[in-house]
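Please study the sequence and the structure shown below before attempting the exercises. Each task is followed by a solution in steps.

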Amino acid sequence: KRFKAHQPATTSSSTVNIVTPFFDFGSSGNSKRLYKVKVLCHGTNLDDLRIFASYDGDTDTYASIFTANIFANTSAADWDVQTFTVSTPTDFVNVSIKIYSDSAMTTANWGISEISFIYREKGYR
């Protein structure tokens with residue numbers, strides 16, 4: 001499912017707050033287990049960005065479920081895949097990702113092109 005979010009560089013704030021909708025991956029009634037999230041991004045000073053997740057429609061609680069939730073720096077011109085591994089995989093029906101900066105971004109040259117979820121659908125018993 002394609003998610004389009006655009007935050008132009010001409011905004012008055014230099015902070016970032018991107019929240020995806022809740023994804024059920026085409027099977028709304030089935031439980032799944034999330035293992036990794038991969039983000040294709042570029043830019044310098046990406047260590048200002050944090051990634052959090054929320055399960056099952058809970059828009060109030062975005063938690064740090066990853067072993068490391070801070071983006072690593074890249075060179076501005078290169079697109080790099082940053083992989084975030086879930087520390088304790090938990091059953092869920094739908095998931096949302098929040099990427100935000102906890103302070104002012106120190107670069108204007110950055111971008112996120114793709115977010116991929118590595119998950120497994122739970123079987124029926």
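The exercises below proceed from the overall fold to single residues.

The model is predicted: local features need pLDDT of at least 70, side-chain atom pairs count only at pLDDT 80 or more, and totals for chains, interfaces and linings use all residues. Residues are numbered from 1 along each chain as its sequence is written, and side-chain values use heavy atoms, with hydrogens and water left out.

**Exercise 1. The overall fold**

Determine how many helices and strands the protein has, and what share of its residues count as buried.

Solution.
- Step 1: Helices (H or I, at least four residues) and strands (E, at least two) are DSSP runs, numbered from the N terminus.
- Step 2: The protein has 0 helices and 7 strands, and its pattern along the sequence reads β-β-β-β-β-β-β.
- Step 3: A residue is called buried under 20% relative accessible area, exposed over 50%, and partly exposed in between (1.4 Å probe, protein chains only). Of the 125 residues, 33% count as buried.
- Step 4: Contact means heavy atoms within 4.5 Å. Among contacts between residues at least 6 apart in sequence, 78% join residues at least 24 apart.

**Exercise 2. The nonpolar core**

State how many residues the largest nonpolar core has, and which elements give two or more residues to this core.

Solution.
- Step 1: A nonpolar core is a set of buried Ala, Val, Leu, Ile, Met, Phe, Trp, Tyr and Cys residues joined through side-chain atoms within 4.5 Å.
- Step 2: The largest such core has 23 residues, and those with the most contacts inside it are Leu34, Val37, Ile51, Phe66, Phe71 and Ile97.
- Step 3: Strands β2, β3 (49-55) and β6 are the elements that give two or more residues to this core.
- Step 4: Take Leu34 as an example. Leaving aside neighbours within four places in sequence, the contacts of Leu34 include Tyr55, Ile65, Val86, Phe92 and Phe117.

**Exercise 3. An aromatic pair**

Describe the geometry of the pair formed by Phe25 and Tyr119, and say where in the chain each residue lies.

Solution.
- Step 1: A pair of aromatic rings is described by the distance of the centres and the angle of the planes. Rings of Phe, Tyr and Trp (its six-membered ring) pair if their centres lie within 6.5 Å; planes under 30 degrees apart count as stacked, over 60 as edge-to-face and the rest as tilted.
- Step 2: The whole structure contains 8 aromatic pairs. In one of them, Phe25 and Tyr119 are stacked, with 4.2 Å from centre to centre and 20 degrees between the planes.
- Step 3: This pair links distant parts of the chain, since Phe25 is in the loop between β1 (17-19) and β2 (32-43) while Tyr119 is in strand β7 (residues 110-121), 94 residues apart.
- Step 4: Phe25 is partly exposed, at 26% relative accessibility, and Tyr119 is partly exposed as well, at 30%.
- Step 5: Phe23, Phe25, Phe117 and Tyr119 form one aromatic cluster.

**Exercise 4. Positive phi angles**

What is the phi of Phe25, and what is that of Asp56?

Solution.
- Step 1: Most residues other than glycine have a negative phi.
- Step 2: Phe25, although not a glycine, has a positive phi of about 60 degrees.
- Step 3: Asp56 is not a glycine either, and has a positive phi of about 55 degrees. Asp56 lies in the loop between β3 and β4 (80-85) and is partly exposed at 42% relative accessibility.

**Exercise 5. Two polar side chains**

Is Ser101 buried or exposed, and which side chain makes a polar contact with that of Asp91?

Solution.
- Step 1: A polar contact is a pair of N or O atoms within 3.5 Å; within protein, one must be able to donate a hydrogen and the other to accept it, and residues adjacent in sequence count only if both atoms are side-chain atoms.
- Step 2: Ser101, in strand β6 (residues 95-101), is buried because its relative accessible area is 6%.
- Step 3: A polar atom of the Ser101 side chain lies 2.9 Å from the backbone nitrogen of Val16. Leaving aside neighbours within four places in sequence, Ser101 is in contact with Ser14, Thr15, Val16, Asp48 and Leu49.
- Step 4: Asp91 is in strand β5 (residues 91-92) and is partly exposed at 34% relative accessibility.
- Step 5: The side chain of Asp91 makes a polar contact of 2.7 Å with the side chain of Arg33.
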